Structures are given as C-alpha cells and as structure tokens.
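Biologist: Hey, got a minute to go through this one with me? I'd like to start with what's packed inside.

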Amino acid sequence: MSLDMNKVVLSVRDLSVSYQARRGRVRAVSRVSFDLHAGETLALIGESGCGKSTLNLALIRQLPKNASIDSGSIAYTYRDGRTINLLDFDKTAMRRYLWSECSMVFQGALNSLNPVLRVSDLVYETAAAHGIGRLEALTRALTLFEQVRLDAKRVFNSYPHEMSGGMRQRVLLALSLLLRPQIVIMDEPTTAVDILTQRSILDVLKQLRAELNFSVIFISHDLAVAAEIADTVATMYAGEIVEIGPVNDVFYRSRHAYTLSLLNAAPRLSAGAETLESIPGSPPDLIEPPPGCKFHERCAYVQPICRTTPPPMVAYDSGAGRAACHETARVLADARQKV
Amino acid sequence: MVTDGVQTMTTTARPLVQLEGIYRSFVKDRQVIPVLQDINLEVGENEILCLVGESGCGKTTTGKIIAGLLEPSRGVMRVADRPVGDYRGREKALLRRQLQIVHQDPFASLNPAHTIGDILSFPLKRHRMTEGGAALKRRIWELLTMVDLTPPGDMVNKYPHQLSGGQRQRVSIARALTVQPKLIVADEAVSMVDVSIRITLLKMLLRLRQELGLTIVFITHDLALAKYFAWEGRIAVMYLGRIVEIGRTPDVIAHPAHPYTRALLAAVPEADPELTRHKQTIALRSDDIPRLTDIPPGCAFHPRCPFYTEGTCDGHTPHLKSAPGRNQQVACIPVQQGALQGG
Amino acid sequence: MIGLETVATPAGLIIGAICGLVPLAAGVYYRKIGVGIGGFIACLLSGFACGLIGGLPMILLTYAVVVSYAYVNRQDPFTSRAALEDVSFEVSRIEQLQRAMANLGITVRASWKALTRNKAGLIGFIGILFFVLVTTFGPLFIEYDGAAHMDRRTPGSRALVAPPSAEFPLGLDWKGRDVLSHMVHGGQRLILTSIQAGILATGIAVILGSAAGLLGGAVDQAITTVANFILTIPAFPLLIVLAALVEFDSDFLLALLFGVLNWPTLMRAVRAQVLSLRERDYVQAAMALDLGLWHIISREVFPNMVSYVAVNLIFTIRVAMYSIVGLVFLGLVPLREPDWAVMIYTGRQQGVLFLPQAAGMLLSPIIAIALFQLSLVLFSRSLEEIFNPRLRSGV
C-alpha cells in the first residue's frame with residue numbers, strides 16, 4: 001500500500017453542519033477539519049449521535065433538506081492536480097463527482113441494491129452514466145469481482161436476493177471501485193454482518209487497497225475494526241473531532257480523555273480477565289451543548305477549567321496528530337503506552 | 001447424564017434448566033427448516049452461560065425455548081429436575097414467571113403507549129407481588145434503583161420514547177425482575193446500545209446476579225463481550241443449530257478446540273492495532289454459510305473446515321464429548337481423536 | 001345507542017346544571033375559578049343535550065382537568081426526586097383518587113393541546129361541534145314548520161318554493177315551509193344513524209380482527225372466509241335489494257345492516273395489525289411475564305392501534321352517511337320528515353331541480369352534508385396526534 005503523505009486528496013476545513021429540529025437547531029457537526037491523503041485510510045469513530053453520519057452525508061452533499069452547511073470548505077484535488085471546493089458544486093457537477101471521484105458503501109447491503117436489477121444491470125448503468133463503454137465496464141467488473149473473491153461470472157448475472165449478505169457487501173465494494181475513484185466512503189460496512197463475513201470483507205478491503213491504491217474514509221463505532229484497517233483515526237464526540245492522529249498514537253498514546261475512556265470500555269478477546277470502565281451518563285444535547293469541553297460532564301479527568309473553557313486543538317509533539325483536551329498530560333500518563 | 005452416547009456437560013452447581021435432545025424446526029413456504037438439532041445443555045443455578053454464534057446458528061431459538069416462549073419440536077426441557085410438561089396449574093404459572101427474557105432492541109421491547117411506572121406496575125399487580133398502592137409504588141422505586149435509574153421519581157411518568165437506548169434496556173431488565181425470576185435470558189441485550197454504555201449494563205447484570213442469585217443465559221455474537229461477561233461462567237459455541245463446543249470461558253477463549261471456534265476467534269479484530277494486524281487468521285475453505293434447508297451431512301462445518309478429513313467429517317455426525325487434553329467438550333471427531341492439538 | 005336522540009329538554013338543562021356544580025365547586029375550592037366555570041359550561045351543555053348520558057362523563061373529565069391544575073405543583077412522593085429511604089408512599093385513599101384524577105386531567109389537557117396544535121384538525125372539530133350544537137339546540141329556538149303554507153305563495157308564481165329572503169334565510173320548500181327549520185330539525189337523525197352504523201361496523205371489525213389475529217387457527221380461517229365472502233357482495237346494491245324487501249322503519253336496523261355489510265375491509269386491516277403487533281418484543285415480554293390474554297389485547301395491542309381504528313371509524317361514518325343518503329334519495333327507505341336526505345329526495349321528486357328559486361331548498365342539505373363530511377375528514381387528521389403519546393407530548 002502506498003501511503004503518500006505529501007498528496008492531500010480531500011481537505012476539510014472548519015466544516016459545520018446543523019439541522020432544524022422542532023426544539024431548535026441541532027449542531028450536528030461543528031468546526032471539523034482533517035486532511036485525507038492519497039492511499040490513506042481514515043477511520044472516524046464515535047458513538048451514535050456524535051455526528052459521524054452527518055459528516056459523511058455532508059462530504060457527499062447528500063444532507064437532508066432540513067440540514068444546512070453553516071461554514072467551512074471541502075477541497076478536493078483531482079488526479080491532475082486541480083483543486084476545487086465541493087461546496088461550490090451544483091447538482092450536475094456533484095453527480096459527475098460521485099462514483100467517479102468518490103464512491104460510497106453503506107451499511108445495509110440489501111437496501112443499497114435494487115432487488116429487481118441484476119448486478120450486470122447495475123454495472124452497465126453506472127458505467128453508462130459516466131461514459132464508459134459496455135465492454136470496458138464488463139472487463140473492469142469481472143476483474144473487480146475476482147479481486148473481492150467472488151465467483152465473477154455467476155455474481156455478474158445474479159439478482160441481489162440470490163446472494164448472501166457477505167456476498168452483497170463485497171459486490172457493493174467492487175461496484176464502488178468500478179469507476180476508479182480516489183476516495184471510497186464506507187459507513188459502518190461491517191456492522192450488520194457476521195464475524196467470518198466481516199473478516200473476509202476486511203481482508204478483501206486491505207488487499208484491494210494495496211492493489212488499487214485509493215483512500216478510504218471509514219465510519220464506524222467499532223474500535224477493533226478501526227484498529228485493524230485505519231492508518232489514521234479520528235475520534236468524534238458531540239459533533240467535533242476531539243482527537244486525530246496515527247492509529248498507534250490514538251490507541252496507545254491517547255491524548256484525549258474521551259478516546260481513552262472509549263478504549264477502556266471496549267473488551268478485548270486476548271486480555272484474559274479484565275476490568276473495564278464505561279463512561280457514565282450519555283452524550284450531550286446538541287441543541288444546547290454544555291459550556292466548556294462538551295465531554296466534561298462524563299469525564300473522569302475533569303478540572304474546573306473544562307467546565308468553562310473549550311479546549312483548543314493542540315498538535316502532538318511529533319506533529320503527526322492533534323487533540324483538544326485540557327488534561328492531555330494526565331490522559332497520556334494513563335494511556336496504554338504499548339509499542 | 002448420558003443419552004445415545006451423548007454427554008451433557010455437567011456444571012458444578014445444581015442444574016436449574018436442562019435441555020435434553022432438543023430439536024426445533026419451523027415451516028416456511030412449505031419447507032421445513034431445522035433450526036435446532038439435538039441440543040443438550042445444562043444451566044446451573046446462579047451460573048452465567050453464554051451462547052455465541054453467527055446469525056442463523058439457533059442461539060436465539062435456544063434462548064426462547066429456555067425462556068418458555070417456544071416449545072421444542074422434540075426433546076425434553078427440565079427445570080429443577082422436573083420435565084416442564086409435568087408442571088400444572090399454579091406451579092406452571094410460577095415456572096413461567098421464573099424464566100424471563102430481555103430482548104435486543106431497546107426501541108421495540110417497551111410498549112410506547114405506557115409510562116415506565118405503568119410498565120413495571122402491570123406484572124406487579126397481575127401477580128400480586130405487592131400489597132396495596134404504597135407498597136406497589138415502593139417496589140417500583142426499588143426496582144428502578146436496582147437498575148440504576150435514579151432518581152426513580154424522574155422516571156415513573158416518562159414514556160419509553162423519552163429515554164435513551166441504555167435507559168430502556170434498564171427498564172426492560174427491571175420489568176423482568178418484577179416477577180422475581182430465577183433465570184434471565186439476555187438476548188443480545190447490549191448489542192444495540194453504545195460501546196461506552198455496554199459495560200455499565202453488563203456490570204449491573206453481574207451485580208444483580210450476585211445480589212439476587214440470578215442465573216443468566218447471555219446470547220451474543222460478540223466474542224469479546226461474551227468473554228468479558230462470562231469470564232466466570234461457561235461459553236457454548238453454536239453453528240447451524242448445534243452446539244459445537246462448550247466449556248469454561250477461559251478454556252474456550254484461550255484454547256479453542258473446535259475448528260469453527262478457532263476460526264471465529266482468529267477472525268475477530270481487536271482494539272489493539274499491533275495485535276490485530278499481526279493476528280494469525282485461519283483461512284476457511286469456503287466463505288459461504290450453508291442454508292439451514294440444506295445442511296451438509298456429517299459435521300455441518302466440514303465444507304468450510306480447514307482441517308477437514310475426508311471420510312470422517314462428512315460421514316459421521318459428531319456429538320459433544322470431552323477430548324484428550326481439553327477441559328471443554330467439543331463436537332469434532334478429529335479433535336476427539338486427539339488430532340489438532342494447540343489452539 | 002337507541003334513544004340517544006334527545007333534543008334539549010328542560011330536564012336536561014337541570015341535569016346539566018347540577019352536573020356542572022361539581023367542577024364549579026372544585027374550581028372554587030382549588031382557586032381555579034376560570035377552569036371551574038369552563039367545566040360548568042361544558043357539563044351544562046352536554047347534560048342539556050344528552051341528559052345523564054352526557055352529563056356524568058363530563059363531570060369526570062372536567063373535574064379531572066380542574067384537579068390537574070390544582071395538583072400541577074403539588075409534590076407527589078411517587079415522582080419526587082427524593083431518595084428511596086426518605087420517601088413515604090402512604091397516602092390516603094382520597095389522595096390516591098385525586099392523583100389518579102389529576103393524571104387523567106393531564107391526559108385530557110394534552111389531548112386538547114394536541115388537537116389545537118393541528119389547525120386542520122381543530123377546524124374539523126369546530127365543524128363537527130357546530131353541527132352537533134345546531135341540530136341539538138337549534139330546535140329550541142326555531143320551531144318546526146311541518147304543515148304546508150299555501151298562503152306563502154309569491155303572487156304570480158306557480159310553485160311555492162322561494163329563494164332566501166329576510167324572513168326565511170334559506171328560503172321555502174315545495175310546500176312553502178321554512179327550509180331553515182327543516183335544516184335544524186332534520187340533521188340529528190341522519191348524523192346519529194351514521195355514527196351508529198360506523199360504530200357497529202368498526203366494533204365488529206375490531207373484535208373479529210383481534211380474535212382472528214390473536215387466536216389464529218380455525219377461528220382465523222372461519223372469520224377470514226366469512227369476510228372474503230361478504231367482500232365479494234356488492235354492498236350498496238344489496239342494501240337496495242334488501243331495502244325493497246324489508247321495511248327499514250327502524251334507524252337502528254339500518255345501521256345494523258350497514259355494520260354487518262361493511263366490517264370486512266377494516267377487519268382485515270385490524271387482523272394484519274394485530275399479527276404484526278403480536279410479534280413485537282413487548283408483547284413477547286408480556287407473554288413471558290404471564291400477563292394474560294386480556295391484558296395483551298387491551299393494554300399492549302389495542303393502545304397501539306387505537307388511532308388507526310379511530311381514523312377508520314370516522315371514515316366508516318362518512319361512508320355510512322353517504323349510503324343512507326343514497327338509499328333515501330332512491331326512495332328505498334320509509335321517508336320521515338324532517339330529514340336532510342328526505343329534503344333532497346322530495347326536491348328531486350317535485351321537480352324543483354329545474355327551478356332557480358329552489359336553490360335554497362336543494363343546496364342547503366347538500367352543502368350541510370358536504371361540510372359535515374369535510375369536518376370529519378379534517379378532524380381525523382389530528383386523531384393520530386391525540387392518541388399517540390409521542391406526538392401528544394409534542395416532541
């Protein structure tokens with residue numbers, strides 16, 4: 001896998017998204033910034049309601065009608081070096097951009113496939129919409145199906161209901177790569193599948209990534225899956241990215257109290273008898289978020305300053321990542337410090 | 001105990017529930033689907049037993065049979081050494097209450113039309129668990145306190161839609177506790193709540209087990225969770241309607257015997273980057289799970305098993321037996337014959 | 001149902017006034033005089049209209065509302081934030097009863113709020129209320145004009161019908177009678193018969209549908225077969241044939257016949273609902289808790305389909321009303337005046353269809369029926385908000 005840290009494919013700056021609910025404006029995503037490099041896999045992890053799905057929808061400009069992007073920019077760099085702001089795109093430009101530059105794999109594999117269309121229909125339609133000939137589409141699809149370890153010819157002529165959940169998920173993965181996009185966004189792709197199926201999807205994904213060299217934004221609540229495939233991990237809490245850094249830094253040298261608490265709440269198979277601590281309370285109301293650090297009400301490291309002042313984003317000493325926590329030093333001292 | 005050469009692993013504690021040769025099938029589109037085949041299982045008093053497996057392995061059906069929500073098609077279920085069919089009248093009603101279930105989906109398990117106070121008061125009133133209004137209210141408060149929903153006064157007049165997923169699961173547990181059960185089947189009870197809240201719920205269940213002497217049958221597809229929760233209990237691994245391995249949790253997790261268990265454990269990613277990336281995975285011969293209507297002969301796992309031995313695995317159906325050098329029981333003929341050491 | 005056709009009587013007025021004293025006294029006692037007076041008026045009207053049948057339930061509702069205002073700030077140990085050790089739940093019987101009343105009152109107020117929040121529903125409610133008030137209390141003020149008035153003929157005109165005038169706001173009918181008096185006196189029977197028919201059809205549908213869904217097996221088979229059989233019979237033509245054979249001198253008989261012929265569609269919907277609700281986790285939990293079949297039907301399943309049933313009830317009432325009007329229009333039911341449908345029938349019989357000055361006579365009942373139907377449709381919009389606790393609380 002060639003991770004090119006010099007080439008930024010997607011650069012998100014200060015992105016804020018809110019939507020209108022009956023009770024008021026929900027600030028679902030606030031001031032999110034990150035860079036996605038060529039060949040990089042970025043895992044966005046967080047619990048339900050942390051804003052990761054809204055962020056995902058904002059990145060592909062598919063937000064529901066009652067949502068609006070309040071600020072920020074999403075800069076995308078084409079293979080030829082041109083850079084554009086996605087927020088300036090109209091609908092037509094966005095349609096061209098999706099699939100050919102950035103594609104998506106969603107959670108419910110059954111719902112993402114139209115039950116009355118064969119896989120071949122999907123392949124031809126997607127290709128035709130982006131000006132690719134049938135023969136070219138066929139060759140590409142068959143190669144991709146081989147790469148995701150499917151019986152290519154059989155799958156190509158199948159209807160969705162003739163395949164198992166794992167097969168469908170792999171078909172979707174292959175289809176998402178049909179137009180050779182630079183970015184694939186995956187929203188909980190392994191959540192509703194069984195362990196062995198998840199394993200084969202992860203293996204296939206790793207292999208494809210090495211062969212085809214695309215970037216992945218991987219949205220998940222599952223720390224273990226993120227640990228397995230991510231180069232970079234971003235923890236989201238209450239609509240903000242509270243920590244982002246190389247996977248080993250985030251897992252072994254967590255700088256944010258929330259990241260560490262989340263890790264300490266996840267059971268590990270290999271650990272024998274363990275003592276786990278869960279995070280008390282529940283995520284804050286995003287209509288009226290608490291002052292200061294949004295995590296302070298549930299935080300074990302809370303100090304008076306956390307209740308009043310929002311912590312600034314501070315870069316790691318290595319410069320490879322950053323975290324927004326007043327108590328970085330104490331959190332780091334408690335972090336697992338392996339490797 | 002022994003039936004047709006099949007041993008049931010006995011527990012150290014007095015058995016509360018025993019399943020003997022349980023079969024269960026459903027009919028769908030005029031096809032008979034055998035969901036459970038020859039399940040032999042004992043759950044001891046105050047024990048934690050984890051049923052793990054992938055979807056379609058029959059763990060939920062087993063749970064429903066234990067909770068009394070489904071009848072087995074064949075086989076006998078005993079509670080306190082008496083076949084369930086022998087219970088009559090008031091005893092039968094009492095038995096029914098002693099086996100409770102907590103469902104997976106916190107959004108579907110509470111009736112949206114009733115307040116939390118009502119939901120808890122229905123079983124208390126129906127079975128006259130308390131005397132009079134004041135005692136009823138006190139009991140509701142006690143139950144809410146027991147499941148850490150405090151202050152209870154804030155909860156009683158709320159509707160389920162006003163609570164978070166974790167809080168609803170607590171209400172579900174409190175509701176199961178109203179009738180003072182001996183056993184609770186927790187069917188994926190925490191898989192739909194957030195990671196950060198799961199552990200509190202599990203700790204609470206463990207505490208209730210201690211305080212009330214409960215027996216817990218915990219059904220999950222998450223091996224790490226099963227390991228954490230049932231560390232002091234046992235794990236039964238199920239595949240296509242049969243138990244393939246059962247034993248004390250540390251034995252099963254650290255030294256899995258059945259090839260299926262090994263494959264599962266090797267496939268689980270871990271929240272530890274270095275470890276999970278260097279984990280030795282086991283390549284299966286096939287990724288496709290057979291349909292329940294078309295279960296392979298012999299050992300159902302043989303078409304996928306990396307240790308498949310021709311003639312043995314596809315010809316004979318393995319039964320749970322202890323294997324040399326193993327503390328647990330396993331339904332795999334090569335392992336029983338002493339092959340496939342390690343794991 | 002039979003005998004509900006009460007026109008406001010002096011006895012009713014007295015009953016209403018006596019009933020109204022209860023919320024009024026409670027209002028004075030709890031220093032919520034405004035609410036008390038409101039309760040008094042509500043009781044007075046419903047007692048006046050329906051006697052005890054209207055007055056007694058209204059006492060309960062209005063009293064509950066008054067108590068709920070009084071109890072809104074009173075600390076209930078059950079909902080206090082105190083710790084378990086510090087709380088005594090021992091309260092007197094009366095206090096318990098009062099709290100139950102207060103809870104009922106809170107539900108009534110929340111339902112009322114939900115009703116007023118939905119503008120369309122509120123308009124529908126006001127429309128229904130208007131027709132009920134006019135047909136109930138109107139007769140007090142407008143005397144029934146039943147005999148022909150040859151003397152009212154406009155000089156030079158060949159017919160007695162006349163367009164609206166200052167003296168007769170809706171004009172005169174073919175016998176020279178006041179149309180307004182017929183409108184006021186002739187609506188109650190039609191409305192009540194339609195409601196009876198709707199309730200009967202819905203009641204049969206709910207009972208049979210629940211039975212089929214919950215009991216299954218042979219019961220389900222039998223009910224479904226009968227329903228399918230009835231569904232194949234074209235109901236309105238059958239009504240016509242039956243009406244020709246049977247003398248429908250009783251409104252209840254008519255309503256009953258409509259009910260018997262119109263339950264299958266709703267029954268199948270209810271059965272499907274019950275079948276899906278039966279599989280819900282909370283119903284399974286209720287079975288594991290051994291709460292009993294009756295509890296499962298009445299407390300677990302029914303509350304979750306009550307808004308659906310209510311909307312269908314309204315719908316069935318509408319269909320029933322059109323069917324009855326249709327039968328009358330075809331002259332297949334014994335005609336009894338005053339009646340809106342009979343007005344349309346005689347209008348056609350007497351050939352006034354072609355007289356422009358008969359517009360008042362013909363259009364009045366037609367518009368009234370249309371408006372009443374519209375009110376029903378609008379009102380049904382807010383039923384979901386009233387019965388669903390989630391929507392009711394306005395989240």
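Modeller: Sure. Keep in mind that this is a predicted model. The largest nonpolar core has 269 residues.

Biologist: Which residues have the most contacts inside it?

Modeller: Those are A:Phe218, B:Cys50, B:Val217, B:Phe218 and B:Ala236.

Biologist: And which helix gives the most to this core?

Modeller: That's α14 of chain C, residues 306-329, with ten residues.

Biologist: Back to B:Ala236. What is B:Ala236 in contact with, leaving aside neighbours within four places in sequence?

Modeller: On the list are B:Leu41, B:Leu49, B:Cys50 and B:Leu51, plus B:Ile243 and B:Ile246. B:Cys50 is also among the residues with the most contacts inside the largest core.

Biologist: How many residues are in the other core?

Modeller: That one has 26 residues and lies apart from the largest core. Its members include C:Phe40, C:Cys43, C:Phe48 and C:Val67.

Biologist: OK, switching to the contact between chains A and B. How many residues does each chain put in?

Modeller: Chain B gives 38 residues and chain A gives 37 residues.

Biologist: Which helices of chain B each supply at least two residues there?

Modeller: α7 (195-212), α8 (223-229), α10 (259-267) and α11 (273-277). The largest share on the chain B side, six residues, is from α7(B).

Biologist: What's the mix by class on the chain B side?

Modeller: You've got 20 nonpolar, eight polar and ten charged residues on the side that touches chain A.

Biologist: Last thing, what are the domains of chain C?

Modeller: The domain assignment gives domain 1 as 10-73 + 90-117 and domain 2 as 188-336. Their C-alpha centres lie 32 Å apart.

Methods:
Residues are numbered from 1 along each chain as its sequence is written. Chains are lettered from A and ligands numbered from 1 in the order in which they are written. This is a predicted model: local features need pLDDT of at least 70, side-chain atom pairs count only at pLDDT 80 or more; totals for chains, interfaces and linings use all residues. Two residues are in contact if their C-beta atoms, placed from the backbone, lie within 7 Å. Helices (H or I, at least four residues) and strands (E, at least two) are DSSP runs, numbered from the N terminus. Ala, Val, Leu, Ile, Met, Phe, Trp, Tyr, Cys and Pro count as nonpolar, Asp, Glu, Lys and Arg as charged, and the others, Gly among them, as polar. Domain bounds come from an automatic or database domain assignment. A nonpolar core is a set of buried Ala, Val, Leu, Ile, Met, Phe, Trp, Tyr and Cys residues joined through C-beta atoms within 7 Å. A residue is buried if 20 or more other C-beta atoms lie within 10 Å of its own, exposed if 12 or fewer, and partly exposed in between; C-beta atoms are placed from the backbone.
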